[in-house]
Amino acid sequence: MLQTRRKRTLLVDRDKIEWYPAVDAERCVGCRICFDFCPKKVYELDAATGKPVVKHPYECVVLCAGCEPKCPTGAIRFPRREDFEHFVRYE
Ligand code: SF4
Ligand code: SF4
């Protein structure tokens, strides 16, 4: 199916929108899939544990959760999407 990409506009400044992942360190096995996958470099690896930390949260694309299903242990969580939809307008 052909999809057209719509223009997205954030209706408030990005640093006012708390949409970004959280990593459950207990579940994380340090496979680095999320770190390698994220094109926005939201994650950095902790020098001591080798596990990802959400170092640049406001670089995360609002309403994207692309890395969540990549995690083999379900360690990545995002907030409820419906609570953030009003921050984005599509044209
Ligand atoms: S949702 Fe996308 S931009 Fe945000 S942390 Fe995951 S891969 Fe990076
Ligand atoms: S993909 Fe999941 S298990 Fe792998 S490093 Fe990221 S959070 Fe940890």
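Trainee: Where is the place of V53 in this chain?

Mentor: In this predicted model, V53 sits in strand β4.

Trainee: Is V53 buried, exposed or partly exposed, and how do I tell?

Mentor: Count the other C-beta atoms within 10 Å; 20 or more means buried and 12 or fewer means exposed. V53 has 15 such atoms, so V53 is partly exposed.

Trainee: Which residues is V53 in contact with, leaving aside its neighbours within four places in sequence?

Mentor: With those neighbours left out, the contacts of V53 are Y43, E44 and D46. For a distance within the chain, take H86, 33 residues apart from V53 in sequence: their C-alpha atoms are separated by 27 Å.

Trainee: What is the order of the elements from the N terminus on?

Mentor: The protein chain has one helix and six strands. Read from the N terminus, the order is β-β-α-β-β-β-β.

Trainee: Where does H56 lie with respect to those elements?

Mentor: H56 belongs to the loop between β4 and β5. With 14 other C-beta atoms within 10 Å, H56 counts as partly exposed. Leaving out residues up to four places away in sequence, H56 touches K41 and V42. The C-alpha atoms of H56 and D83 are 21 Å from each other, and the two residues are 27 apart along the chain.

Trainee: K41 came up there. What is the phi of K41?

Mentor: Start with the general idea: most residues other than glycine have a negative phi. K41 is not a glycine, yet its phi is positive, about 60 degrees. The residue lies in the loop between α1 (33-37) and β3 (43-45). K41 is exposed, because 10 other C-beta atoms lie within 10 Å of its own.

Trainee: How does L63 read on the same points: what is its phi, and where is it found?

Mentor: L63 has a positive phi of about 75 degrees and is not a glycine either. Its loop runs between β4 (52-54) and β5 (76-77). L63 is partly exposed, since 16 other C-beta atoms lie within 10 Å.

Trainee: Which residues form the largest nonpolar core?

Mentor: Such a core joins buried nonpolar residues through their C-beta atoms. Here the largest one has 11 residues: W19, C28, C34, C38, V42, Y43, C60, C67, C71, A75 and I76. One of these, C71, touches I33, C34 and I76 when residues up to four places away in sequence are not counted.

Trainee: How much of the chain is buried?

Mentor: Of the 91 residues in the protein chain, 14% are buried. As for overall extent, the C-alpha atoms fill a box of roughly 45 × 35 × 20 Å along the principal axes.

Trainee: What share of the contacts joins residues 24 or more positions apart?

Mentor: Among contacts with a separation of 6 or more, 61% are between residues 24 or more positions apart.

Trainee: Now the ligands. Which residues surround ligand 1?

Mentor: A shell is read first by its members, then by their classes. Around ligand 1 are P21, F37, C38, K40, V42, C60, V61, C64, A65, G66 and C67. By class, that shell holds nine nonpolar residues, one polar and one charged.

Trainee: Which residues come nearest to ligand 2?

Mentor: There are 16 residues around ligand 2, and C28, C31, I33, C34 and C71 come nearest. The shell divides into 11 nonpolar, two polar and three charged residues.

How values were computed: Residues are numbered from 1 along each chain as its sequence is written. Chains are lettered from A and ligands numbered from 1 in the order in which they are written. This is a predicted model: local features need pLDDT of at least 70, side-chain atom pairs count only at pLDDT 80 or more; totals for chains, interfaces and linings use all residues. A residue is near a molecule or strand if its C-beta atom, placed from the backbone, lies within 6 Å of it. Ala, Val, Leu, Ile, Met, Phe, Trp, Tyr, Cys and Pro count as nonpolar, Asp, Glu, Lys and Arg as charged, and the others, Gly among them, as polar. Helices (H or I, at least four residues) and strands (E, at least two) are DSSP runs, numbered from the N terminus. Two residues are in contact if their C-beta atoms, placed from the backbone, lie within 7 Å. A nonpolar core is a set of buried Ala, Val, Leu, Ile, Met, Phe, Trp, Tyr and Cys residues joined through C-beta atoms within 7 Å.
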